[in-house]
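The following exercises concern a structure for which sequence and coordinates are supplied. Each task is followed by a solution worked in steps.

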Amino acid sequence: HKANYDPKVPWAQPDTEKALKVRRALSLAVDEKAIIDTILGGLATPASVLGFHPGSPWTDPAWKPYGYDPKEAKRLLTEAGYPDGFEVTMQLVAWPGRAFAPDVGEAVATYWERNLGLKVKRVPVDRAIHITYRNNRTLAGLAFVYPMPVLGTEPWQDLITMSSSVGVVGDFVEHPELDAMLERVSTEVDYNKRVKIMREEIGPWMYKYMPGVAIGSAGAVFSIGARVKEWSLVPGYLYL
């Protein structure tokens, strides 16, 4: 957000080419498959674009996950001007119904330290406190794991809420090009045309720009059976 923009943040610095190299390095330094297999118990599908779930009509199978390549990650970070890494704060937030998030954050922090030489300060943060950062758009320079709930039936609905200059909160990215695409798709009444915009414009832009490290599309597990007497929803867990 322009009012809170910090040009000193390595992955959002004014030099857009170097900033992208930092973001790619942060992603390539993390073994998403290992996180899925160990922390998430294998109950997730590797993802490539934040908010675009594999198998949905607006997700192109050609968007392959970038994978795990610590040597390339280190090379990119060095080219971006950070051969010795940099300091970053990782907020460990336990979201309702998604208590695995702090463990994922710890794993990501460890990969960044081991493969990139980053100095990661872990800070456990209550969800209510973290949300004040989101509402005030003061997340610049901070890292956190966000198990994104499906608030809308189409990904642009979540993005326009959390990743646009007109959004009620600021989570991942704000960019004029993304703003323009979200404005068009949000006013398009034809479903097939919205799918086309998401699949051919917004998705490819997100895939290339890489506003965050996509770990995977996690499954939500619910028990069903004759012995299950009552099942109440977890407060704050907004989807099945």
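Helices are DSSP runs of H or I with at least four residues, numbered from the N terminus. The model treated here is predicted.

**Exercise 1. Locate H130, classify its burial and list its contacts.**

Step 1. H130 belongs to helix α5.
Step 2. Buried means under 20% relative accessible area. With a relative accessibility of 0%, H130 counts as buried.
Step 3. When residues up to four places away in sequence are not counted, H130 touches Q91, V93, W95, V125, L139 and F144.

**Exercise 2. Determine which residues of α3 are buried, how they are arranged about the axis, and what they pack against.**

Step 1. Helix α3 spans residues 70-79, and A73, L76 and L77 are buried in it.
Step 2. Viewed down the axis of α3, these buried residues fall within an arc of 100°, so they line one face of the helix.
Step 3. A general rule is relevant here: an α-helix has 3.6 residues a turn, so residues three or four places apart point the same way.
Step 4. The packing partners of the buried α3 residues are α1 (16-28) and α4 (101-116).
Step 5. Just after α3, G81 adopts a positive phi of about 105°.

**Exercise 3. Describe the packing of α1 with α3.**

Step 1. Two packed helices are described by the angle between their axes and the distance between the axes.
Step 2. For α1 and α3 the angle is about 155°, and the axes are 8 Å apart.
Step 3. Angles over 145 degrees count as roughly antiparallel. The angle therefore makes α1 roughly antiparallel to α3.
Step 4. The crossing of these two helices, α1 and α3, is left-handed.
Step 5. On the α1 side the contact involves K18, K21, V22, R24, A25 and L28, which meet P70, E72, A73, L76, L77 and E79 of α3.
Step 6. Sorted by class, the contact of α1 with α3 has seven nonpolar, five charged and no polar residues.

**Exercise 4. Characterise G67 by position, exposure and surroundings.**

Step 1. G67 is located in the loop between β1 (44-46) and α3.
Step 2. Its relative accessibility is 27%, and G67 thus counts as partly exposed.
Step 3. Apart from neighbours within four places in sequence, G67 is in contact with S27, L28, V30 and E32.
Step 4. G67 and A29 are separated by 38 residues in sequence, and their C-alpha atoms are 8.8 Å apart.

**Exercise 5. Is T38 buried or exposed, and how many Å separate T38 from E72, C-alpha to C-alpha?**

Step 1. T38 is part of helix α2 (residues 32-38).
Step 2. Exposed means over 50% relative accessible area. T38 has a value of 62% and is exposed.
Step 3. The C-alpha atoms of T38 and E72 lie 24 Å apart in space, with the two positions 34 residues apart in sequence.

**Exercise 6. Examine the backbone and burial of R137 and M210.**

Step 1. As background, most residues other than glycine have a negative phi.
Step 2. R137 is not a glycine, yet has a positive phi of about 55°. M210, also not a glycine, has a positive phi of about 50°.
Step 3. R137 sits in the loop between α5 (127-136) and β4 (142-144). M210 is placed in the loop between α8 (191-209) and β5 (216-218).
Step 4. R137 is buried, its relative accessible area being 13%. M210 is buried, with a value of 5%.

Key
Residues numbered from 1 in each chain as written. Predicted model: local features only at pLDDT ≥ 70, side-chain atom pairs only at ≥ 80, totals over all residues. Heavy atoms only, no water. Buried < 20%, exposed > 50% of the residue type's maximum accessible area, 1.4 Å probe, protein only. Arc of directions from axis to C-beta. Contact = heavy atoms within 4.5 Å. Axes fitted to C-alpha atoms, helices over the stretch in contact; angles between N-to-C directions. Parallel < 35°, antiparallel > 145°, perpendicular 65-115°, else oblique. Left-handed = near helix turned anticlockwise from the far one by under 90°. Nonpolar A, V, L, I, M, F, W, Y, C, P; charged D, E, K, R; others polar.
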